[in-house]
Amino acid sequence: MQMLRPVRNSIRLANRLGTAVVLLTMAGVFSAMVPGNDAISFAKNPGTTGNAKEIDVAMSRVFPALVRIFVVFQEPSNGRMRRLEAAGSGAIISPDGYVVTNHHVAGNATRIVLNLANHEEVDATLVGTDAMADISVLKIDQSSRKDPNAPLPVAEWGNSDELRVGDVVLAMGSPGALSQSVTEGIISNTAMILPRFGGGFELDGENVGMVVRWLAHDAVIFHGNSGGPLVNLKGEIIGINEIGLASLGGAIPSNLARSVVEQIIKDGHVNRSWLGLDSQPRLKGDRRTGGALVAGVIKGSPADQAGLKAGDLITTYNQQTVNVAIAEDIPIFNQLQLATPVGAKVAVVYQRDGQEHQTELTTIARHRAVGLPQEIKGWGITGRDITRMMAQEAQWEDTKGVYVDTVRRGGPVAEAKLPLKSEDVILKVNGKAVADVDELRKLSAELSEGKTQRVPVIVNFRRGTQQLAALVKIGEDPPEDKPNRARKPWPAMATQVLTADLAEAMGIKGKKGVRVTEIFARQSAEAAGVKVGDVIVALDDVPVEASQPEDVDLFDTLVRRYRVGTDCELSIIRDGKPSKLSMKLDTAPQLIENAKRLTNVDFEFAARDLAFDDRNRLKLEDAMQGVLIENVEEAGWASLGGLSPKDVLMSIDDKPTATVDQLKEILEDARKNKARHLTFFTRRGVHTFFLEVEPDWK
């Protein structure tokens, strides 16, 4: 996967003692680029290991089914769910448009776009995802294709158990979020695990190495190859590329990936059993030739209820012989346990104190490791429902409450009397127990209904072993209403102070006043004949006593003492000669600080009506109407569409946005109708752009 925005903080990777395990998240150089649907040729080069004809066949069977994946996803940060962009690879695996890729590419996606090998750009939906195996399944939206009835190319699965060290493989995908590519190499290891000194590899709380033994290979893969297929010379998918470890690539074996994909297509998720059992290889001094050492048992778990204890040696599980001699054997034993049907009764044979014993345990369902992060705006936090695994790890009695994930600086929770922090658990609000995020939102809405100010509530929460209470004022701050200032006359020109040095240089030593630096077009100063370079020394015979830099506002102050519409006389010096001009003082145009403003929380940007200074600075014609974009929240819908501060937004879907009132109406209508696509027409400098903004209203 290639990240187009900051790297996701939900991914944890090992990086110790010089060993770096990386997801393919940055752009890099790639080889054997083959664009789109063009004719494929792959010439035999010195040093390649496969037969040219075999490689051609393999490429012809898989290349047409490759897809380039662009996603928008969300992650919690500073009390907000920030939208980010990423890119990766995948392959079409069925005629009805199912696509396989990595969980870390698309598992948390809210918007998915695919580029097919024939250059089509199509929409896709997330069918289901599995963080533990790092596999996601997408489905192409056939209605978004140019020809919905056109057949799709399909790549076939191969049998990863047939692979041997030295077999030739081809890594295919879209490195750097660019067009499809292929690299060639050999299988280096069919059961690669992470070094024990390298830490772990977690995705959304799941330890991927718990079930995955990677196919190590030296076919060069680059950032953006994540989710792309590893292919044998028969043109079959025998792995899904995922990680890089030193100079090796790591692919999820196809047999594991395929079983996960088939379950997701069938049920939308993977059903796994949980035993509450931790195992490890037999100790070095243990002379026995089989079994898995029980490292620990979770209290109250099925393994605990069956009487298993740390130190037991499991030799048979569900009538299958167990042999965990080295760390590479652990994922296989874990797969055996996790694949047991939920609710099944399993016979376990184990050894304890030299005696063989048998017991029976009943499996229960294994749920998500951690709850999904969700934004709770009225609190200024992101929170999660508490899963059974979270409660067990923290040794909480139950799963009730809302886990505080991140806190927004300056938000209600951060400004509370006794601010809440990440990892706190909200238990009660105003004495009412809170079971989960939905309940907290519902209770907050009831407390805030009809209120225009923040509402103070008493929050009971858990921090470590303590039960604390805090006063939190929940709700959004009301928008500031800036009163308009009284309209005053203005000079319709820009000036600078005539300092003593400048006066002497201009040959008018001893004079005081202001020098005209700019004449605003089609305004009263231009009509009066004032020109750039004129020096104004008096207004209606009242001297303009400006001679120091701090006198910069003196002339404007003199003008504002008049009434709008008054005729005044300017005493000027032009080219060293005194002269007088008559000028009518018009009303000052709208100032920037008085311009009407709008902040839209859905699209996450702020805009205001254009002020005179904006038009003058940006050199906008009078006929050009629009609103000025003041701020764009990073990774919001508008930002992802390309909107930037200082843009002038002129229309949305051909509807003019001459004022923020018009803009507000258009955006409210988009919200009401859950608009899927909007076209913003903007001006940026001397250029204009059409920006495609694609909201996700989930």
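**Close-ups of a predicted model**

**View A. Phe 333 is a buried residue.** Its relative accessible area is just 4%. Keep in mind that you're looking at a predicted model. Zooming out for a second, the structure has a count of nine aromatic pairs. In one of them, the rings of Tyr 317 and Phe 333 have centres 6.2 Å apart and planes at 90 degrees, so this pair goes down as edge-to-face. Tyr 317 sits in strand β23 (residues 313-317) and Phe 333 in helix α5 (residues 330-338), so the pair ties together parts 16 residues apart in sequence. And is Tyr 317 buried or exposed? With 1% relative accessibility, Tyr 317 counts as buried.

**View B. The rings of Trp 490 and Phe 520 are stacked.** Here's the reasoning: the ring planes are at 10 degrees, which is under the 30 degrees that marks a stacked pair, and the centres are 5.3 Å apart. Now find the two residues in the chain. Trp 490 is in the loop between β34 (466-474) and β35 (493-497), while Phe 520 is in the loop between β36 (514-519) and α9 (524-528). That makes this a link between distant parts of the chain, 30 residues apart. Trp 490 is buried, at 11% relative accessible area, and Phe 520 is buried as well, at 7%. If you'd like more rings, look for Phe 603, Phe 605, Trp 637 and Phe 680, which form one aromatic cluster.

**View C. Glu 206 and Arg 366 join up in a salt bridge.** Side chains of opposite charge can pair when their charged atoms come close. In this pair, the N to O distance is 2.9 Å. How many residues apart are the partners? They are 160 residues apart, with Glu 206 in strand β15 (residues 206-207) and Arg 366 in the loop between β27 (364-365) and β28 (373-376). Glu 206 counts as buried at 8% relative accessibility, and Arg 366 is buried too, with 13%.

**View D. Two neighbours in strand β46, Arg 683 and Arg 684, each have a salt bridge to look at.** Start with Arg 683, whose side chain meets that of Glu 621 at 3.5 Å, N to O. Glu 621 lies in the loop between α11 (612-618) and β43 (627-632) and Arg 683 in β46 (residues 678-684), so this pair ties together parts 62 residues apart in sequence. Arg 683 is buried, at 14% relative accessibility, whereas Glu 621 is partly exposed, at 43%. Next door, Arg 684 forms a salt bridge with Asp 647, and the closest N and O atoms are 2.7 Å apart. Asp 647 belongs to the loop between α12 (637-641) and β44 (648-652), so this second pair connects parts 37 residues apart in sequence. Arg 684 is partly exposed, with 29%, but Asp 647 is buried, at 0%. Elsewhere, shared salt-bridge partners join Arg 597, Arg 608, Asp 614, Arg 617 and Glu 630 into one network.

**View E. Asp 609 is a buried charge without a salt bridge.** You'll find Asp 609 in strand β42 (residues 605-609). Which side chain of opposite charge is nearest to Asp 609? That would be Lys 596, 6.6 Å away. A salt bridge needs a distance within 4 Å, so Lys 596 doesn't make the cut. A polar atom of the Asp 609 side chain does lie 2.8 Å from the backbone nitrogen of Val 660. Beyond its neighbours in sequence, Asp 609 has contacts including Gln 590, Ala 595, Asp 614 and Thr 659.

**View F. Helix α1 has its buried residues on the same side.** In α1 (residues 52-62), the buried residues are Ile 55, Ala 58, Met 59 and Val 62. They cover an arc of only 95 degrees around the axis, which is why they end up on the same side. What do these residues pack against? Their partners are β5 (66-77), β12 (168-173), β13 (181-192) and β17 (229-231).

**View G. Asn 318 and Asp 541 have positive phi values.** Most residues other than glycine have a negative phi. Asn 318 has a phi near 55 degrees and is placed in the loop between β23 and β24 (320-321). Asp 541 has a phi of about 65 degrees and lies in the loop between β37 (535-539) and β38 (542-543). Asn 318 is partly exposed, at 34% relative accessibility, while Asp 541 is exposed, at 54%.

Conventions: Residues are numbered from 1 along each chain as its sequence is written. This is a predicted model: local features need pLDDT of at least 70, side-chain atom pairs count only at pLDDT 80 or more; totals for chains, interfaces and linings use all residues. Side-chain values use heavy atoms; hydrogens and water are left out. Helices (H or I, at least four residues) and strands (E, at least two) are DSSP runs, numbered from the N terminus. Buried means under 20% relative accessible area, exposed over 50%, partly exposed in between (1.4 Å probe, protein chains only). Lys and Arg count as positive and Asp and Glu as negative; His and the chain ends are not counted. A polar contact is a pair of N or O atoms within 3.5 Å; within protein, one must be able to donate a hydrogen and the other to accept it, and residues adjacent in sequence count only if both atoms are side-chain atoms. Contact means heavy atoms within 4.5 Å. The arc is that of the directions from the helix axis to the C-beta atoms. Rings of Phe, Tyr and Trp (its six-membered ring) pair if their centres lie within 6.5 Å; planes under 30 degrees apart count as stacked, over 60 as edge-to-face and the rest as tilted. Lists of a residue's contacts leave out its neighbours within four places in sequence.
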